[in-house]
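User: I'd like a close look at one part of this model, explained in one go. Keep it informal, but please give the numbers behind each statement.

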Amino acid sequence: EILNGGQISSATYSTGDGNNVFVKAGNLRINRGLTDKFTGIWSDTTNAGNAGIVEVSVNGLLEILNGGQISSDTYGEGDAGEVIVNADDIIMKKEGYIESAASEDAKGYVGNIKINADSIKMMDESMISIMALQSLEGEQLTKIPERSISINSRDILLNNSIIISSSIENVPASLIGITAEKLIISNDSRILSTANMADGGDLTIKGKNIFLNNGLIMTSVFEENGNGGDITIEGIDDNTKVDYLIMKSGFIKANTVGVDASGGEINIDVKGVITDKSQELKIGGNDIILFEPGINMNVIQSAAPDGYPGDINISGVELDIGGSIINVPSQFSSQVELATDPCRTVGTAHASSLIQKARGGFTAMPSSPSSIYFIDKRFDELLMYEKNSEE
């Protein structure tokens, strides 16, 4: 346990490089508690030397709580180090952080972040981030190394939390790559690769089932310079599709407000897109739609009001914006058994709500969509049913 201002660290304040920090544990808890002191594992640089690698390996549970942190930052000419976290399970609560940052005065570069875990749960304003806050010039700007956040996990839950690569000045945002069988982005959670006066970073998500429940995926640019980053959503394995992209107040955006700049390209390779029956699904358009918590619509957009909108490609999906289910493949029919149990009465947490319209219980036409209500618990049950069926 690392508690109440406890630290494991390696720093450099001169021209020499900082050493690496390796921590191995069965279980590890980092908890700042009520103190305002930094609590955690870190390697920083304030001069020309480079910070060291920070690598944390946990066989069991890693908890980062109440502002606890694993990080490597630069405040000088040297580069921040790479941050590597491996664990069976990761829980981040109440502003727990994993980060690499470059301060406003830094001339060095941020480091990579690599996370591998069986499950990751982020709650209560926790964050995984790369923050480039500095402005660079000349050779430093032309030789920026490629940096990225890379996350691999079976299940990832974001609940009021953020995964972000951000650039405040003229440094391009870093890349983000996420691989997960199940990814849930809920309760005003966001995955962002954004910039103010540079290009947004590309964002790639590989998965089987993705649920945007009042959540945002974005690679946008907010000021006069820079192109929106590309967004790719595809299956885990090569040449496979995401099974289902479920959207309830969900936004996917690659916009830019830059003059003569381009919105990012959005490529979504998915078998079926499921939306809440009461919400419009808006695709495209060149008037930027702002994401707000609780907004009653779904949006996929790559707008550039003063430039060139990006292409939006949704492979293998025939869109029916008026319906609640868009081109649900035929194999989904066996899974609606979830909604046929008469014991699941209306008003309970497991309430059935399969609605089929016209023609004596059948949809108006064979190609017409049905309307199925989804909540978090129903989504988990659907995935469990699918898993049991395969077994």
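Is Phe251 buried or exposed, and what is its relative accessible area?

Analyst: Phe251 is buried, and its relative accessible area is 0%. Since the cut-off for buried is under 20%, there's no argument about the label: Phe251 gets it because its value is 0%. Keep in mind that this is a predicted model.

Before going further into that spot, a word on confidence. The average pLDDT of the protein chain is 85, and 81% of the residues score at least 70. Residues 318–347 are a stretch where pLDDT is below 50; even there, the model has 64 contacts beyond near neighbours in sequence. Residues 353–374 also have a pLDDT below 50, with 44 contacts beyond near neighbours in sequence. Predicted coordinates shouldn't be read in detail where pLDDT is low, so I wouldn't hang anything on those contacts.

Now for the rings. A pair of aromatic rings is described by two quantities, the distance of the centres and the angle of the planes. The count of aromatic pairs comes to two. One of them is Phe38 with Trp42: the ring centres are 5.9 Å apart and the planes sit at 75 degrees, so this pair is edge-to-face. Within that pair, Phe38 is partly exposed at a relative accessible area of 28%, whereas Trp42 is buried at 12%.

Your residue is in an aromatic pair too. Phe251 pairs with Phe291, again edge-to-face, at 5.2 Å centre to centre and with 70 degrees between the planes. The edge-to-face label applies because planes over 60 degrees apart count that way. In sequence terms, the pair links distant parts of the chain, with Phe251 and Phe291 being 40 residues apart. Phe251 belongs to strand S18 (residues 251–253), while Phe291 sits in the loop between strand S20 (280–283) and strand S21 (297–301). Phe291 is buried as well, with a relative accessible area of 10%.

That brings us to the strands around the pair. S18, the strand that holds Phe251, pairs with S21 in the parallel sense over three bridges. In that pairing, Ile252 stands opposite Ile300 of S21. S20, one of the strands flanking the Phe291 loop, runs parallel to S21 as well and is joined to S21 by four bridges. On that side, Ile283 has Ile300 in S21 as its bridge partner. If you want one residue to look at here, pick Ile300: it stands opposite Ile252 and is also the bridge partner of Ile283.

So how covered is S21, the strand that pairs with S18? Mostly: five of its five residues are buried. Split by face, Met297, Val299 and Gln301 are buried on one side, with Asn298 and Ile300 buried on the other, so both faces of S21 are covered, given that buried means under 20% relative accessible area. Note that the buried set includes Gln301 and Asn298, so don't picture a strand of Ile, Val and Met alone.

For contrast, here's a look at charged side chains elsewhere in the model. The structure holds ten salt bridges. Glu1 and Arg29 form one of them, with the closest N and O atoms 3.2 Å apart. This pair also links distant parts of the chain, Glu1 lying in the segment before strand S1 (2–3) and Arg29 in strand S4 (residues 28–31), 28 residues apart. Glu1 counts as exposed at 65% relative accessibility, and Arg29 is partly exposed at 32%. Asp155 and Arg154 meet in a salt bridge too, at 2.5 Å from N to O. There, Asp155 is partly exposed at 22% and Arg154 is partly exposed at 36%. Set those values beside Phe251, which is buried at 0%.

To put your spot back together: Phe251 is buried at 0%, its ring pairs edge-to-face with Phe291, and its strand S18 pairs in the parallel sense with S21, where five of five residues are buried.

Methods. Residues are numbered from 1 along each chain as its sequence is written. This is a predicted model: local features need pLDDT of at least 70, side-chain atom pairs count only at pLDDT 80 or more; totals for chains, interfaces and linings use all residues. Side-chain values use heavy atoms; hydrogens and water are left out. A salt bridge is a side-chain nitrogen of Lys or Arg within 4 Å of a carboxyl oxygen of Asp or Glu. Helices (H or I, at least four residues) and strands (E, at least two) are DSSP runs, numbered from the N terminus. Buried means under 20% relative accessible area, exposed over 50%, partly exposed in between (1.4 Å probe, protein chains only). Rings of Phe, Tyr and Trp (its six-membered ring) pair if their centres lie within 6.5 Å; planes under 30 degrees apart count as stacked, over 60 as edge-to-face and the rest as tilted. pLDDT is the predictor's confidence in each residue, from 0 to 100. Contact means heavy atoms within 4.5 Å. Two strands pair if DSSP finds at least two bridges between them.
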